[in-house]
Amino acid sequence: MSSPLPKVPLPQVEPNELESELYEVRKTIYPRAVHGLFAKWRWGLVIFTQVIFYGLPWLMWNGRQAVLFDLGARRFYIFDLVLWPQDFIFLTGLLIISALSLFLFTAVAGRLWCGYACPQTVYTELFMWIEHHVEGDRSKRMKLDREPWSAHKLGIKAAKHGIWIAVALWTGITFVGYFTPIRTLLGEFISFNLGPWEAFWVFFYGFATYGNAGWMREQVCKYMCPYARFQSVMFDPDTLVITYDPGRGEPRGSRGKSVDHRAKGLGDCVDCEICVQVCPTGIDIRNGLQYECIACGACIDGCDQVMDKMGYPRGLIRYSTENAMQGKHPEEPTALRKIASHLLRPRVLIYSAILATVVVAMTASLAMRVPVKLNVLKDRANLVREASDGWVENVYRLQIMNTAESGHRFQVSVRGLPDVRLVSETPVVTVAGASSVVVPVSVQVDPAAVAPGSHRIDFEVRAVDNERLSASSNSSFYVRAP
Amino acid sequence: MSEFTSGFWSPYIAIITLASVIGCAVFLKATGGKRRPGGEKLTTTGHAWDEDLQEWNNPLPKWWTYLFYLTVVFGLVYLLLYPGLGSFPGLLGWTSVGQYEREREVAAKEYDPIYEKFSKMDIPALAENAEAREMGQRLFLTYCYQCHGSDGRGARGFPNLTDGDWLYGGSPEAIQTTILDGRHGIMPPMIDAVGGAEGVKAVANYVREISGQKPFDPVLAAEGKEKFVVCAACHGPDGKGNPAIGAPNLTDNIWLYGGSLATITETVTKGRNNQMPAWKDLLGETKVHILAAYVYSLSQQKK
């Protein structure tokens with residue numbers, strides 16, 4: 001934006017040190033459990049997203065699963081909505097909305113998605129919660145891992161992995177339950193009777209959950225996730241980030257609660273390292289914004305607790321912006337409101353406007369969707385033929401698709417040429433719910449009334465029992481020169 | 001393979017392929033695979049960007065190198081098992097034709113029972129069965145519509161299947177036989193037998209008369225009636241045709257090639273030669289059975 005980004009000085013390391021750093025074996029991170037405002041938010045979102053994820057496939061609707069993506073039949077059922085391959089545009093819209101939301105939220109508030117709603121974070125949080133309850137808190141876990149193997153340690157580890165695997169398998173079944181009815185799926189799973197693809201995806205997704213949330217954890221965010229790498233292009237100096245206030249905290253150092261640290265020349269940071277211990281990606285936020293930071297706010301919660309104990313004001317580590325930190329606009333005393341006023345900038349407004357447009361367009365087209373579709377296919381082997389009374393005749397196949405769930409009867413009609421008439425064995429076609437029917441029809445005109453050549457004609461199907469249900473499609477009618 | 005290229009090239013292709021694969025492995029070994037011995041200094045590649053952004057001359061990560069070696073091994077094993085090395089057929093004996101046959105067998109195992117279920121029902125009963133009709137329509141729209149049209153109403157030279165008028169008979173058995181074995185309809189050129197162009201003109205007018213079409217010349221028609229004796233051998237003395245040999249009924253107003261005077265004249269003069277292909281080998285008895293029922297149902301609707 002306005003000022004060039006500050007250059008971060010390279011750490012001066014010997015080449016061989018650098019190499020050993022690159023090839024370093026990963027050190028296990030033992031995050032300490034944390035309580036506070038942001039932890040509550042995260043848990044709230046974990047519960048919210050998982051109640052939806054685990055619960056949704058069990059809902060029933062119209063005698064079928066409420067949300068079912070039936071890939072075999074190529075029908076997506078979402079409550080009252082039945083989507084067909086022709087409705088693929090809605091998926092595009094959904095993806096555009098998701099991408100734009102990600103841009104918008106990132107520009108405004110950084111990696112909100114990562115810290116609160118990303119499945120990697122959510123499942124890591126769940127798995128760490130299980131770990132915490134089976135193995136104990138951070139110091140107990142570190143002690144246990146240092147111990148030699150014993151029956152006691154084996155028991156605890158087996159219990160942890162057993163629960164993890166159970167949760168992971170349940171996640172795999174739930175995932176596949178969105179694509180194949182979950183009630184039969186569960187029965188098949190219990191009786192070891194899964195189809196090959198169902199089995200593959202249940203175990204693949206289960207294994208991915210177990211591996212990613214149990215073992216990989218922050219490495220997914222640091223090394224595998226593309227979003228971590230390109231988020232920087234959506235950041236600017238006015239983006240909310242989690243940041244340590246060095247002006248207030250430095251110089252850091254330990255001190256007694258009763259000591260007047262200002263007199264000793266110390267800042268507010270007591271160097272307790274709580275912010276490092278709670279960090280799920282194992283960074284020290286006091287070194288500034290780093291790409292590993294998933295913006296989960298654990299360090300804010302941890303630091304605020306310590307500040308409360310010390311009797312200092314909260315917010316040594318807080319949500320702020322680069323500009324606010326550099327004093328571009330005074331943030332005290334109503335800090336957040338001031339920062340918020342600076343968040344309304346062109347980038348944010350443009351993202352919001354595009355997002356709103358797409359959302360409105362999507363919603364409107366979904367709401368106005370007529371659940372009938374018509375495809376017309378002209379017979380091409382015999383373009384033109386003569387009816388017994390001398391009129392010229394073209395043959396078409398009409399594919400009538402009823403994308404609603406109740407059956408309808410459709411009247412077929414044609415117009416576009418003088419005296420055009422439609423000949424069909426079945427002028428009124430019954431189409432069952434969520435299915436399609438092919439109807440061959442022939443269209444006849446008087447060759448005396450229509451010039452030779454190609455003419456546009458329009459077919460229409462209209463439900464006999466509901467005037468609103470109609471669809472039309474055009475095709476060509478050929479008249480041969482005599 | 002050797003059907004398309006001369007066998008001469010096969011060893012050269014094999015050698016070039018193998019040399020490329022092994023060359024990749026040698027190149028990998030020579031350039032990237034090795035870790036530096038302890039104490040050896042790393043160097044930069046000598047480039048610098050943005051003042052201090054430098055590229056270190058690091059070896060490839062081990063797992064990455066192993067992945068490359070793995071592709072070499074995979075390639076060699078693949079070339080051993082499957083055809084790919086000149087004309088060497090591979091140890092597994094895999095061919096695309098064999099693969100196709102296997103897939104056909106799998107498909108047959110899945111779909112045959114569906115057709116079998118219907119092959120035990122007789123055709124008039126099948127014609128009433130909604131599921132069989134749906135399957136029949138799909139077969140018809142795949143194999144038959146090119147000639148007979150999507151609606152089965154035919155075209156010039158291709159019979160209308162919905163009008164209840166049949167060249168070879170419209171019984172379920174006759175329809176099934178027509179589809180299974182095909183038909184070859186021949187009308188010989190009759191110009192010489194009826195006495196030249198004048199005779200043809202007379203016969204054509206008579207045919208117009210018995211088919212109930214107007215206008216026709218009554219004088220010529222009376223003359224044509226006498227010449228019709230040679231036609232009666234196939235079409236019968238009264239012109240009502242003979243389904244046993246596929247001779248059309250001339251007394252109705254249903255025409256395969258058209259009933260105008262000009263068309264009838266052409267037919268009598270030059271004759272007609274028409275063929276319906278046999279579908280037994282391509283579709284098999286069970287599918288034809290369903291198809292016959294669908295065609296039968298088309299003709300029944302008119303009545």
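The following conversation goes through some terms used for this predicted model.

Guide: This is a predicted model, in which local features need pLDDT of at least 70 and side-chain atom pairs count only at pLDDT 80 or more, while totals for chains, interfaces and linings use all residues. Residues are numbered from 1 along each chain as its sequence is written, chains are lettered from A and ligands numbered from 1 in the order in which they are written, and side-chain values use heavy atoms, with hydrogens and water left out.

Visitor: Why is A:Phe192 called buried or exposed?

Guide: Exposed means over 50% relative accessible area, buried under 20%, and partly exposed in between, with a 1.4 Å probe and protein chains only. A:Phe192 has a relative accessible area of 78%, so it is called exposed. A:Phe192 also has a positive phi of about 50° although it is not a glycine, and its place is the loop between α8 (182-190) and α9 (196-216) of chain A, where helices are DSSP runs of H or I with at least four residues, strands are runs of E with at least two, and both are numbered from the N terminus.

Visitor: And what makes A:Arg217 buried or exposed?

Guide: The relative accessible area of A:Arg217 is 8%, which falls under the limit for buried, and therefore A:Arg217 is buried. A:Arg217, found in the loop between α9 and α10 (218-224) of chain A, has a positive phi of about 45° without being a glycine.

Visitor: How do you know whether α1(B) and α2(B) are roughly parallel or roughly antiparallel?

Guide: Helix α1 (residues 10-31) and helix α2 (residues 62-81) of chain B pack at an angle of about 165°, with their axes 10 Å apart. Axes are lines fitted to C-alpha atoms, for helices over the stretch in contact, and angles run from 0 to 180 degrees between N-to-C directions. Angles under 35 degrees count as roughly parallel, over 145 as roughly antiparallel, 65 to 115 as roughly perpendicular and the rest as oblique, so the two helices are roughly antiparallel.

Visitor: Which residues make this contact?

Guide: Contact means heavy atoms within 4.5 Å, and the residues include B:Leu18 and B:Val21 of α1(B) and B:Phe68 and B:Val72 of α2(B).

Visitor: What makes β11 and β13 of chain A a pair?

Guide: Two strands pair if DSSP finds at least two bridges between them, and β11 (residues 408-415) and β13(A) have 4 bridges in the antiparallel sense, so they count as a pair. One of the bridge partners in β13(A) is A:Val429, which faces A:Phe410 as its partner.
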